[in-house]
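Visitor: I would like to know how the labels for this structure are earned. Could you take me through them?

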Amino acid sequence: MENVVKQYREAKGWSQGELAKRLGVSRQTINAVETDKYDPSLPLALRMSKTFGIEARELFIDDWESGEE
């Protein structure tokens, strides 16, 4: 699963630490999500989308839906 969390975070002018604080997770978690080393839980993905004011499907791209495997 790919994501565009970094692009949305940078558009808001937030550091990884600032986003982590807003979400109640570590900066390392944000880094791992942004570098596709960790797929967040559904509750975290939903908190992320709410924080950015968008739908979760705008943040996360399922490889299966994009035709990639």
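Guide: Gladly! Helices (H or I, at least four residues) and strands (E, at least two) are DSSP runs, numbered from the N terminus. This is a predicted model, where local features need pLDDT of at least 70, side-chain atom pairs count only at pLDDT 80 or more, and totals for chains, interfaces and linings use all residues. Residues are numbered from 1 along each chain as its sequence is written, and side-chain values use heavy atoms, with hydrogens and water left out.

Visitor: What follows α3, and what is the sign of its phi?

Guide: Asp36 follows α3, and its phi is positive, near 60 degrees.

Visitor: Which residues of α3 are called buried, and what makes them so?

Guide: Buried means under 20% relative accessible area (1.4 Å probe, protein chains only). In α3, residues 27–34, that label goes to Ile30, Ala32, Val33 and Glu34. Across the protein chain, 30% of the 69 residues are buried.

Visitor: Why are α2 and α3 called roughly perpendicular?

Guide: Their axes, lines fitted to C-alpha atoms over the stretch in contact, are compared by N-to-C direction on a scale from 0 to 180 degrees. The axes of α2 and α3 come within 8 Å and cross at roughly 110 degrees. Angles of 65 to 115 degrees count as roughly perpendicular, so α2 and α3 earn that name.

Visitor: How do you know which residues of α2 and α3 meet?

Guide: Contact means heavy atoms within 4.5 Å. Among those meeting are Leu19 and Leu23 in α2, and Arg27 and Ile30 in α3.

Methods: Buried means under 20% relative accessible area, exposed over 50%, partly exposed in between (1.4 Å probe, protein chains only). Angles under 35 degrees count as roughly parallel, over 145 as roughly antiparallel, 65 to 115 as roughly perpendicular and the rest as oblique.
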